[in-house]
Amino acid sequence: MVMTSCGWRGIANVPVPVGPGTGKGGMTVYVQIPDTLALNTNSRVRVADVFVGTVREIKLKDWVPTLTLSLEPGIELPANALAKIGQSSILGTQHVELTAPADPSPQPLKDGATIPIKNSSSFPTIERTLASLATVLRGGGIPNLEIIQTEVNNLLTGNADQIRDFLTNLNTFTDGLNKQREDIARAIESSNKLFSYVASRNNTIDRLLVDLPPLMNYLAGAKDRVSDAVIALGRFNKVTGETLSAAQADLNTNLAALQRPLKQLGRGAPYFLEAMKLIVTNPYPLDGIPKAIRGDYINLSLGVDLTLSSLDNAFLTGTGFSGMLRALEQSWGRDPQTMIPDVRFTPHPNMTDGGGPYVERGE
């Protein structure tokens, strides 16, 4: 089945191929206007009260009434020209008036240009003028102003302090809200990200909603076991608390005793890693393994000091024979300045000024 239809808006809206702007070389201009009033196709277009064109079409484009004007060639108007709908006489037809603004653009109005809606308006029509006159003659709603004034006066009378406090609080609230604009915008953006993440997990949420009811049914059937588990956990918590309370003194003593070794361990922490390298690969440092062990043999260099002063420090220190080998070496002509220091008379770096050993006590 094929259906056809046609529309008829009257003889006045049939384009007439005569008149200014309808010949060859004419210029087409589009005008966006807020209200076309009683304007019809074939209405005149005037510039300085001179008939220079015709309205060829009235159409709604992007929900904005748009006029298609055909102008005579050679019409000079700026690109920011103004368009107004006027009336020729009291009972006459309406026309479109094109004028230059107070600050005309240096660019001319070109063929195919569009005059935006902000540059278009209309002159007051007879209908609007008569309606305004009737409103004034009927009082124009002026008596209602007295009623509004009376109600506002009743509202403000006796409530000035409350209204002042309300306005102060409103001002404080507005200032606080203004200071938190970035936080509010960030919260909205975070909420949007959260909703987007949740939307991308629709399948997971659907599966959760499907699996959750059986779980709730199982928990409802096992509520006695859950209650027993909670009670048992409470008993365990009670026993643990009593045990820790009874051992509190011993725990404090042990923790206090651990302070000293832990403190020394903390001091030695910078050297711990280097020491570990030697402990694991003793007697060779870890970094020297590739140099010391090559294939099936070991490279080894040994420096042995067999001077009498070194043997004296190593084996006779602390005995009744300490210093004998050192004296024998000196008797052979060895300069004491070239000998290693005697440990009996060399102060230890950790000794105090009084000569006693330096021992650090733990707190």
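Buried means under 20% relative accessible area, exposed means over 50%, and partly exposed lies in between (1.4 Å probe, protein chains only). The model is predicted: local features need pLDDT of at least 70, side-chain atom pairs count only at pLDDT 80 or more, and totals for chains, interfaces and linings use all residues. Residues are numbered from 1 along each chain as its sequence is written, and side-chain values use heavy atoms, with hydrogens and water left out.

**View 1. The largest pocket and its lining.**
The largest pocket holds about 170 Å³ of space. It is lined by 14 residues, and A38, N40, S43, T93 and Q94 are the closest to its centre. Two strands, β2 (44–47) and β6 (94–99), each give two or more residues to this lining. By type, the lining has three nonpolar, nine polar and two charged residues. A pocket is an open set of points on a 1 Å grid over the protein atoms alone, where a 1.4 Å probe fits, with protein on both sides within 12 Å along at least five of seven lines; lining residues have an atom within 4 Å of a point. The volume is the space filled by probe spheres set on the points. Strands (E, at least two residues) and helices (H or I, at least four) are DSSP runs, numbered from the N terminus.

**View 2. S43, in the loop between β1 and β2.**
S43 sits between β1 (27–32) and β2. S43 is buried, at 11% relative accessible area. Its side chain reaches the backbone oxygen of N40 at 2.6 Å. Beyond its neighbours within four places in sequence, S43 is in contact (heavy atoms within 4.5 Å) with G53, T54, V55 and Q94.

**View 3. Two salt bridges in helix α4.**
Side chains of opposite charge can pair when their charged atoms come close. A salt bridge here is a side-chain nitrogen of Lys or Arg within 4 Å of a carboxyl oxygen of Asp or Glu. The whole structure has five. D183 and R186 form one of them, at 2.4 Å from N to O. They are three residues apart in α4 (residues 181–200), so about one helical turn separates them. D183 is partly exposed, at 42%. R186 is also partly exposed, at 47%. K193 and E189 form another bridge, with their closest N and O atoms 3.9 Å apart. These two are four residues apart in α4, which again means about one helical turn. K193 is exposed, with a relative accessible area of 56%. E189 is partly exposed, at 45%.

**View 4. The salt bridge between R326 and D342.**
The closest N and O atoms of R326 and D342 are 3.7 Å apart. R326 lies in helix α11 (residues 324–331) and D342 in the segment after α11, so the pair ties together parts 16 residues apart in sequence. R326 is buried, with a relative accessible area of 8%. D342 counts as buried too, at 10%.

**View 5. Helix α10 and its buried residues.**
Helix α10 covers residues 308–316. Its buried residues are L308, S309, S310, D312, N313 and L316. They pack against α11. After α10 comes G318, whose phi is positive, near 90°.

Conventions. Ala, Val, Leu, Ile, Met, Phe, Trp, Tyr, Cys and Pro count as nonpolar, Asp, Glu, Lys and Arg as charged, and the others, Gly among them, as polar. A polar contact is a pair of N or O atoms within 3.5 Å; within protein, one must be able to donate a hydrogen and the other to accept it, and residues adjacent in sequence count only if both atoms are side-chain atoms.
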